[in-house]
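Colleague: I'd like a close look at where the two chains come together, and then at what sits around it. Could you take me through it slowly?

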Amino acid sequence: MTVRLFVPADAAAIAVGADDVALALAAAAARIGRSVEIVRTGSRGAFFLEPLVEVETASGRVGFGPVAAGDVESLVADGLLDGIGARSLGLVEDVPFLKAQTRFTFSRCGVIDPASLDDYRAQGGGLGLARAAAMAPAEIVAAVSASGLRGRGGAGFPTGIKWKTVLDAPGARKFVVANADEGDSGTFADRVLMEGDPFAVIEGMAIAGLATGASRGYLYIRSEYPHAIARMEAAVETARRAGWLGDRIAGSGHAFDIEIRVGAGAYVCGEETALIESIEGNRGEVRAKPPLPALKGLFGAPTVVNNLLSLAAVPFILAEGPEAYAAVGCGRSRGTMPVQIAGNVKRGGLFEVAFGITLGELVEEIGGGTATGRPVKAVQVGGPLGAYFPPALFDTPFDYEAFAARDGLIGHGGIVVFDDTVQMDAMARFAFEFCAIESCGKCTPCRIGSTRGRETLDAIIAGRDVSKNAALVEELCDIMRFGSLCALGGFTPYPVMSALRHFPRDFGLPETAAAKAAARETAA
Amino acid sequence: MQETEKRTAAIVARFAGVEGATLPILHAVQEAFGHVPRESIPVIAAALNRTRAEIHGVVSFYHDFREEPAGRHHVRVCRAEACRAMGSDRIVAGFETALGITLGSTSADGAVTLEPVYCLGLCATAPSAMIDGKPVGRLDEAAAARLAREIGR
């Protein structure tokens, strides 16, 4: 009997040897005359277990991981092909990191063959689109509004309101733009979903098209994700052949098609107006708002620009009902967030969970603390523009408002863990440096401020006029925060000021001056 | 040089009817030539009814597009926060030593280009890098040195 094995073809799994493991498994099975079928799935997101090999057994899928190609021979000799062996993790769904999750968006990721639309359908895929195809646009929008879904790119704007604006906007043509320009360090949810469940992305975009009257969608993927690009290109082709995209999608009278666009290494293109400029073929410079893209966006037409994760949450909402999505969460943050735990952490990976879990639970309990075994000194939440949180603030619940109240942001849901060897003055300097490298140059506070900030941090690190220069940094951050056109310049003060406030000694400052700095920033 | 222009024109023709085709064309040109040759710019500009300055502006804005050929092999080491938290400084140093070049440069024999990249989305298997399009993670100095040696010159 043929044994079914599952080995991820996710880029991060490949980065730690999954391709070699798959080859070794095929060779080892052949040597002992066993017939195997190796399915290359996406990743379940438990990256600390990658490469994770799964074996289909009568009681379910049994996991082994992390597996090195060199271990395969002995694992097979010990019974891996029958799901047994001392190194078995047991049933994969019972692995604590996976069992503790609430998977609405990522339910199929790592489970199905991402190349197979039949697999997708067999696991509930397509139900949302089928429902939407039988509904009036306003009904779809109402369902998304009722779910409480908010923009997963970081701004947290209610998705339903954005869709309604586009639906109500007059326009001969309208567009859906899916933002997969996932440039934040510590985030990889878009990548993992595109590689592991690409049809969910297509389904979400198609529903957005039905809801707003858009007939064309653009999926903008960053060039640093070649595996995701290839996977999505293939999935779009398959979806066209199956009638999910085209002149009459999913049996409705509506036309919708998707074109994939590849970024070119500009972080700022994750900002929605810069992204629109980039699709139009221009320098990725930010536009002043208004006009809102919802009214005058891509090629001057009403445009829904949504983060990929926002769109990918929609099929569940339509299939299971908005109440099911809104039933979990915390305050005004409804539903789930695919949190990404990364950096110096013992159990790093993607952890989809209802809003409300605390930062400390995510870092200490789920993540297991640092990989190096040293104490956690700081975590940066929300990418390079997110604040650094010390363990003293680990009681902060994962929720848009709770993070804002502590001068932070959840952004795209990335958490980067640092141990006690990190020098926070160097990280503050890097925040300015990154902003200088990636600034589009359109507004002065960001273009000039980032470079001046880096120079001033250099002076502080060299020990020159430390308190005077720290005051200068504060003032500069104020200007950048309130004077920049977009979040790149506007939010770079988050990592800088949080580092200064929470870790003044790393800058050669006494605690008191930092407390003052904290008070001033809070007042501002 | 007429050859470059001819090949560019053939590439541009493939994107007839595509709205906002500048980036797709530039990606295709770079894939064909390894960089965006100076001679390609007027051809692209004419086809898109834009100025040469506009096309040059787009090329120079995006980090991916290069105006000079890169090395035959391309090593990109992640320098963003998650990889820094796992010691990407040491990985950069490892590649620099093994390849004999500094970050952001190409070896004199044109074999290798070593560049920083700001996030490959491999943040839970940090520190990471990408070598000729192949992702590598959980690196240490020894792995960096080994990978550098494996790069064929």
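Which residue meets the side chain of A:R173 in a salt bridge, and how far apart are the N and O?

Modeller: The partner of A:R173 is B:E19, and their side chains meet with N to O at 2.6 Å. By salt bridge I mean a side-chain nitrogen of Lys or Arg within 4 Å of a carboxyl oxygen of Asp or Glu.

Quick housekeeping before we go on. This is a predicted model, where local features need pLDDT of at least 70 and side-chain atom pairs count only at pLDDT 80 or more, while totals for chains, interfaces and linings use all residues. Residues are numbered from 1 along each chain as its sequence is written, chains are lettered from A and ligands numbered from 1 in the order in which they are written, and side-chain values use heavy atoms, with hydrogens and water left out.

Back to the contact. The count between chain B and chain A is 1 salt bridge. On the chain B side, α2 (22-33), α4 (52-61), α5 (81-85) and β5 (134-136) are the elements that give two or more residues to the surface touching chain A. Those names come from DSSP runs numbered from the N terminus: helices are H or I runs of at least four residues, strands E runs of at least two. In total, chain B puts 40 residues into the contact and chain A puts in 64, with contact meaning heavy atoms within 4.5 Å. Together the chains bury about 3,700 Å², with 59% of that on carbon and sulfur atoms; that's the accessible area (1.4 Å probe) the two parts lose on being put together, summed over both. The interface also has 26 residue pairs in polar contact, both residues at pLDDT 80 or more. A polar contact here is a pair of N or O atoms within 3.5 Å; within protein, one must be able to donate a hydrogen and the other to accept it, and residues adjacent in sequence count only if both atoms are side-chain atoms.

Chain B itself splits into domain 1 (2-61) and domain 2 (73-150), with bounds from an automatic or database domain assignment. Their C-alpha centres are 30 Å apart. For a spot inside chain B, try B:S88 in helix α6 (88-99). B:S88 is buried, at 1% relative accessible area; the cut-offs are under 20% for buried, over 50% for exposed and partly exposed in between (1.4 Å probe, protein chains only). Leaving out neighbours within four places in sequence, B:S88 is in contact with B:C78, B:R79, B:C83 and B:P127. Chain B has a salt bridge of its own too, between B:E54 and B:R50, with the closest N and O atoms 3.8 Å apart. B:R50 is buried at 19%, whereas B:E54 is partly exposed at 35%.

Now over to chain A. A search of the whole structure turns up 39 salt bridges over all chains. One of the pairs in chain A is A:D19 with A:R40, closest N and O 2.7 Å apart. That one links distant parts of the chain: A:D19 is in helix α2 (18-31), A:R40 is in strand β2 (36-41), and they're 21 residues apart. A:R240 and A:E237 make a local pair at 2.9 Å, N to O. They're 3 residues apart in helix α11 (226-241) of chain A, so about one helical turn separates them. An α-helix has 3.6 residues a turn, so residues three or four places apart point the same way.

What about a helix packed against its surroundings? In α7 (137-147) of chain A, the buried residues are A:I140, A:V141, A:A143, A:V144 and A:S147. They span an arc of only 155° around the axis, so they sit on the same side of α7(A); the arc is taken from the directions from the helix axis to the C-beta atoms. Their cover includes α6 (127-133), α8 (159-168) and α10 (198-212) of chain A, among others. Right after α7(A) comes A:G148, with a positive phi near 80°.

Last stop: A:I357, in the loop between β13 (349-354) and α15 (359-366) of chain A. A:I357 is buried, at 12% relative accessible area. Beyond residues up to four places away in sequence, A:I357 touches A:F351, A:L362, A:I366, A:T396, A:P397 and A:F398.
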